[in-house]
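Biologist: I am new to this structure. Please take a close look at one place where helices pack, and then lead me from there to other parts of the chain.

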Amino acid sequence: MKLHKLELNAFRAATQPFALSFDPSKKLTMIFGENGTGKSTIADAFTCLCTDSIGSLEDKSNVEKKFLTSANCKPADLYIRLITGQDTFSATLSSNKFVKNTSKTYPKLHHLRRSLIAQLTDATPSKRYEVLESYIDVEPILASEEGLRSLLRRLENDLGSEIRSLTAAHDTLEAQWRQEGMPGDGGWKDWADVESDKDLATEKLKAARIKAVLNAWQTLTGQWQEVQEQQRICLDARQEVADAQVNMQRIQAASQSISQDLLKMLDHADRFVGQQSELHQCPLCDQPIEKNTLANRIRQQMDGLKAYQLSVAQMDAAQKAETNANLLLQNLQSKLDDGLEALEIATSNYAGKPVSFGATAAGRLRFFQEKQTSLNAKMAQMEQEMLQSERTLNQHNLIKTQYEAILHGEAKTTELQRLLNAAKAAFLIVESTRKNYQEQELASISGEVDALYQKLHPDENIGKIRLSLKPNAKKSVDLAARFQNYESVTPQSVYSESHLDTLGICVLLALAKKQGGKDTILLLDDVVTSVDERHLDRFIALLHDLQKDFAHIVFTTHYRPWRDRYRFHRDPESQVHFVELRDWKMEDGMRLQKERTQVEELREAMASSYFDRQALAAKAGVLLENLLDFLTTTYACRLRRKPRQDYTLGELLDAVMSKLAKSLRVELLSKNAGNKFDPALPMQEVPLLPHFEELEKLAFIRNQTGAHFTPPGPEVNDADIFAFANHTLSLAQRLTCPETGAFPDCSASGAFWETRSKAIRLFPLQEPG
């Protein structure tokens, strides 16, 4: 799978449409930029498109997902699009979630971020497991394991509960057996077996019949109390009627004209007069009279009869109360008779033969009144009988219930013990299988990590990296390593920050390599921040070795020495696609700047139609310093020591010219039919001394024209400046691999230096004595 183009719009720093075209002939892409130029936006775009993560934002707390959309842009405008040699993959944003084409299989991506390195090396074992979890994913097995663990706890709890219940039932029956005097020839269990098998249907029927008689008696005595109370109420009501009648007769005797009929007539007359709108004469005698006067006279007559009216009302109320009391008494007496019949029936059932209290209601009532004392005594006797029957039944129920509980508990305990043993065996199989798998995976990863680490730190007596599960923990990973003569130490205790950084990187690279493949993109997001030149070279070589294991490797960095290793031809720049980001602005968004090597910059300056004297002299001088720095470093030339190692062009040139230049030569090899540089074929041998002799004559141009404003500077002619640049470029071309762009820095032969492509050989191997 080849990457062709990444397109962004309204995504984070892409406030304007942004497109990054990849070189399909190269599998390594370096994206260089200062902080805040958009490197993380590109990395997060790959992550959001190819995974379910939102990239670097997940490393921060309290992140608002609405800021996935660029400032001043709408979520509907956001899109991420990756065009590959196979297909086009895209994602849009809806409700803060990325929407993708579910019918497509999106490219696999391994995203290595700086925060993951810290989690691997500095974090707790549980946090370290979180980083590794996706690579040793056993979540389904852990879910099964947890399910079995829960089943074990439940079975153990159930078994304990059953054993406690069984023990309690044992103790209860044994105590009952002892309380009964330990009957039988056997133990309490034999006694319980016999007792629980007894048929107590007759005893149950007897107890039920006794209870029916006692319930009927209780109901009857309540009804009798209600009748007696109502009889007292009826007597009181009768007396109230008699008293009201005497009072009314007394009032009538005091005034012979008072009668009930007169009161009625006056009441009708009052209503009649009140209904008239006008009245000017009496309706009876036709005498002149006003309505109000007639109404007042009628009311005066009625007021005089108030006492009589009150006595009449009292009489009516007393008569109604007496009628209601008598009706209620009749109803209660009927219920009492029903109660007597119910008692009669219950008693007949208990006796097993008909029992009669009387043929009529009056006869049954007389029987009840006459026999009430003896009936009370009989009911007390029956109550004792019922209590004895209930004790017998309760004891039988207790024995039977407990005995059946024992039989059921013994069977269930046996079954639970069987299930518990099976669950324990299954749990041990699952747990041991999971641990063995994870340990094997971690061991496999550890071996790859150590192999990568040794490439970065050969002969430093560190390494033997070992990742292992923390004992007695499901999701914790320990990290151990060697340090000098100490084995299995925690690297955080003794390794430097730089060594810890490279260790974390190696772990992540090993994981990515293990789970990667030729259809996988490896993304390294600012993982290298500060490392010395020697280890940086090794890390670059390591990445070049890993490119065969992935579809593409993309690495972002703001570490300028890394970028300059390629730019100054110290590493195979021709295998890397350079992308440089310019300063970000809201109105412009993310911007690209074409990255060029020093040789390309010098060649373009020489070919330009505008002859820029100062720029040409400066670029040639910088490139020449780089070439001389490579040679003096490679051959360990003698230089006056400086604390900052900031040697001038003159100092570097003098160090080479003193002894080395006379013997320096290169052999340029040709390719065979297999497209490999072949030393068996004729080769071109080129001495480098002529270049150095010319450059020694022209070296002053670098300072006088390219670096400083000095009076002699304008006097230097253009031909000398061009010659200085041309000899520098020629020397660079002699020392730079035509395929990789790197210097000859390998000495595997032991006789010369050569480029990794084996295109150029540099002689001698050491500076002459």
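Modeller: An axis here is a line fitted to C-alpha atoms, for helices over the stretch in contact, and an angle runs from 0 to 180 degrees between N-to-C directions. Two packed helices are described by the angle between their axes and by the distance between the axes. The model is a predicted one.

The place to look at closely is where helix H4, residues 139–179, packs with helix H5, residues 188–196. Their axes are 9 Å apart, and the angle is about 85°. Angles of 65 to 115 degrees count as roughly perpendicular. H4 and H5 are therefore roughly perpendicular to each other. On the H4 side the contact involves His170, Leu173, Glu174, Gln176 and Trp177. On the H5 side these residues meet Trp188, Trp191 and Ala192. Sorted by class, the H4 and H5 contact holds 5 nonpolar, 2 polar and 1 charged residues.

Another helix pair can be set beside that one. Helix H11 (residues 372–456) and helix H14 (residues 533–546) have axes that come within 8 Å and cross at roughly 135°. Angles over 145 degrees count as roughly antiparallel, and those from 65 to 115 as roughly perpendicular. The H11 and H14 pair is therefore classed as oblique. H11 brings Leu452, Lys455 and Leu456 to the contact. H14 brings His535, Arg538, Phe539, Leu542, Asp545 and Leu546. In this contact of H11 with H14, 5 residues are nonpolar, 1 is polar and 3 are charged.

Helices also take part in the largest pocket, whose volume is about 550 Å³. The lining has 20 residues, and the closest to the pocket centre are Thr51, Leu109, His111, Ser134 and Tyr135. At least two lining residues come from each of strand S7 (108–113), helix H2 (114–121), helix H3 (125–132) and helix H13 (497–515). S7 gives the most, with 5 residues. By class, the lining of the largest pocket is made of 5 nonpolar, 9 polar and 6 charged residues.

Single residues add detail. Glu344 sits in helix H9, residues 306–351. Buried means under 20% relative accessible area. Glu344 has 16%, so it counts as buried. Setting aside neighbours within four places in sequence, Glu344 is in contact with Val355, Ser356, Phe357, Gly358 and Arg364. Glu344 and Ile760 are 416 residues apart along the chain, and their C-alpha atoms are separated by 130 Å.

Ile83 belongs to strand S4. With a relative accessible area of 23%, Ile83 is partly exposed. Residues up to four places away in sequence not being counted, Ile83 touches Leu3, His4, Lys5, Glu7 and Thr88. From Ile83 to Thr502 the sequence separation is 419 residues, and the C-alpha to C-alpha distance is 32 Å.

The loop between helix H1 (39–50) and strand S4 (79–84) holds Asn72. Phi of Asn72 is near 65°, which is a positive value in a residue other than glycine. Exposed means over 50% relative accessible area. Asn72 reaches 74%, so it counts as exposed. A positive phi in a residue other than glycine is also found at Lys464, where phi is near 45°. Lys464 is part of strand S8, residues 462–469. Its relative accessibility of 46% makes Lys464 partly exposed.

Further along the chain comes the segment after strand S20 (760–763), where Gln766 is placed. Pro764 is found in the segment after S20 as well. The peptide bond that joins Phe763 and Pro764 is cis, with omega about -5°. Gln766 is exposed, at a relative accessible area of 62%. Gln766 and Phe752 are 14 residues apart in sequence, and their C-alpha atoms are 8.3 Å apart in space.

To return to the starting point, H4 and H5 pack at about 85°, and Trp177 of H4 as well as Trp188 and Trp191 of H5 are among the residues that meet there.

Notes:
Residues numbered from 1 in each chain as written. Predicted model: local features only at pLDDT ≥ 70, side-chain atom pairs only at ≥ 80, totals over all residues. Heavy atoms only, no water. Helix = DSSP H or I, 4+ residues; strand = E, 2+ residues; numbered from the N terminus. Parallel < 35°, antiparallel > 145°, perpendicular 65-115°, else oblique. Contact = heavy atoms within 4.5 Å. Nonpolar A, V, L, I, M, F, W, Y, C, P; charged D, E, K, R; others polar. 1 Å grid on protein atoms, 1.4 Å probe; cavity = no way out; pocket = protein on both sides within 12 Å on 5 of 7 lines; lining within 4 Å. Points joined across faces, edges and corners; volume = space filled by probe spheres on them. Buried < 20%, exposed > 50% of the residue type's maximum accessible area, 1.4 Å probe, protein only.
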